[in-house]
Each structure stands twice: as structure tokens, then as C-alpha cells.
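The following report walks through one protein model, beginning inside its sheet and moving outward to the loops and rings around it. The sequence and structure are shown first.

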Amino acid sequence: MKGTWVVVADSATARIFDVSDKGELQELETLAHPSSRLREKEISSDRSGMVRSHGGNAVYSVDADPHGRDHEAEVFAKEIGDKLESFRQGKAYGRLLLVAAPRFLGQLRSALSPATSALVSLSLDKELTRLLPGQIAEHLPPKFWRQPL
């Protein structure tokens, strides 16, 4: 097994870093899920429906899919999970750190296989996807850098 990987993600972008021997983050890959950035009405394929009240006098609008963005985030979390599982099977890393926007972190954890989850040594609920690697490293706790593999 190799060293430590850091995954920095939100519902639309995931950046995968390898921690070098010098403790620097080297970006290996960036994954994008543009559908997560769409507005809710652009995600839903159907228009809002109309429903009549029981008496037939009132008409209400009903959203076709009120959870489209959540669904897109779950799809992307699964894509990330599958990618990490593939790399784990190839023994590309031995330890994993997850840094994700608070809402997305739970979805990402749920999308990991049990074997991949076992390699997660630390999870941080922070939105850092737009930072430079050195800036991301500043947000990682010092204990992370001192932990043995």
C-alpha cells in the first residue's frame, strides 16, 4: 500500500490529492459533476403539476421533483466512492482523509464501501474545494501529519 490521500469535495467538484513525503499535497485528479450546479428547475425534467382540491374549487401547484439537487449530490458521491474503491483495490493509497462541505460529507461517507471506509482516518466538514493545495493543507490538523501509516 502507498501513502495517504486527501479528498476535498462538494456536491459538484472533488479533488484528490496525494500527500508527498515532504507533507505537501500533490493533486492527482479532479472530478466534476456539473449537474449539481444547475438550478432546481433545470434538474427536474417535468413541469410542476396541478392538483385540484377534493371539492374541485381550488387548484394547487405541485413540484415534480423537490429533491433534484440532493439526488444529483448522491449520484456524484457514488461516483467518487466508486473511484476511490477502484483505487483502493489497486492499492494506490493506504489511508484516506475526507474534507467535504458539511451537507455533502454525510452523502460521501454513505457512498464508500466498507473496505474504503475502514481506510478513512479523519473527516473534516469544511468547504475547501476552491483553495490552493497549500491553503488546504493549512486547514488539516497537525495530528494528521504526524500519524504513522
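In this predicted model, strand S6 is covered on both faces: Arg95, Leu97 and Val99 are buried on one side, and Leu96, Leu98 and Ala100 are buried on the other. In a regular strand the side chains alternate between the two faces of the sheet. Counted along the strand, six of the six residues of S6 are buried, and S6 is accordingly described as mostly covered.

The setting of S6 is an open sheet of five strands with mixed pairing, arranged in the order S3-S2-S1-S6-S7. The edges are taken by strand S3 (25-32) and strand S7 (120-125), and because each of these has a single partner strand, one side of each is left without a neighbour in the sheet. On average, and with direction ignored, neighbouring strands of this sheet are turned by 15° against each other.

How do the strands of this sheet pair, and over how many bridges? Strand S1 (residues 4-9) and strand S2 (residues 13-19) run antiparallel and are joined by five bridges, whereas S1 and S6 pair in the parallel sense over six bridges, and S6 and S7 pair in the parallel sense over five. One bridge partner for each of these pairings is listed below.

| Residue | Bridge partner | Strand of the partner |
|---|---|---|
| Val6 | Phe17 | S2 |
| Val7 | Leu98 | S6 |
| Val99 | Leu124 | S7 |

Helix H3 (residues 102-111) lies across S1, S6 (95-100) and S7, and runs at about 145° to S6. The loop between S6 and H3 contains Ala101, which is buried because its relative accessible area of 14% falls under the 20% cut-off. Leaving aside residues up to four places away in sequence, Ala101 touches Ala9, Asp10, Lys126 and Glu127. The C-alpha atom of Ala101 is separated by 8.6 Å from that of Val8, although the two residues are 93 residues apart along the chain.

Aromatic side chains supply further links, and the structure holds three aromatic pairs. One of them joins Trp5 and Phe87 in an edge-to-face arrangement, with 5.0 Å centre to centre and 70° between the planes. Since Trp5 lies in strand S1 and Phe87 in helix H2 (residues 68-89), this pair ties together parts that are 82 residues apart in sequence. Trp5 is buried, with a relative accessible area of 6%, while Phe87, at 27% relative accessibility, counts as partly exposed.

Another aromatic pair, formed by Phe76 and Phe104, is stacked, with 6.2 Å centre to centre and 25° between the planes. This pair also links distant parts of the chain, with Phe76 in helix H2 and Phe104 in helix H3, 28 residues apart. Phe76 is buried at a relative accessible area of 0%, and Phe104 is buried at 2%. In addition, ring pairs link Trp5, Phe87 and Tyr93 into a cluster.

Taken as a whole, the protein comprises six helices and seven strands, which run from the N terminus as β-β-β-α-β-β-α-β-α-α-β-α-α. Of its 149 residues, 38% count as buried, and the protein exposes about 8900 Å², of which carbon and sulfur atoms supply 50%. Among contacts between residues at least 6 apart in sequence, 61% join residues at least 24 apart.

Key:
Residues are numbered from 1 along each chain as its sequence is written. This is a predicted model: local features need pLDDT of at least 70, side-chain atom pairs count only at pLDDT 80 or more; totals for chains, interfaces and linings use all residues. Side-chain values use heavy atoms; hydrogens and water are left out. Two strands pair if DSSP finds at least two bridges between them. Helices (H or I, at least four residues) and strands (E, at least two) are DSSP runs, numbered from the N terminus. Axes are lines fitted to C-alpha atoms, for helices over the stretch in contact, and angles run from 0 to 180 degrees between N-to-C directions. Contact means heavy atoms within 4.5 Å. Buried means under 20% relative accessible area, exposed over 50%, partly exposed in between (1.4 Å probe, protein chains only). Accessible areas come from the Shrake-Rupley method with a 1.4 Å probe; for residues, only the protein chains shown count as cover. Rings of Phe, Tyr and Trp (its six-membered ring) pair if their centres lie within 6.5 Å; planes under 30 degrees apart count as stacked, over 60 as edge-to-face and the rest as tilted.
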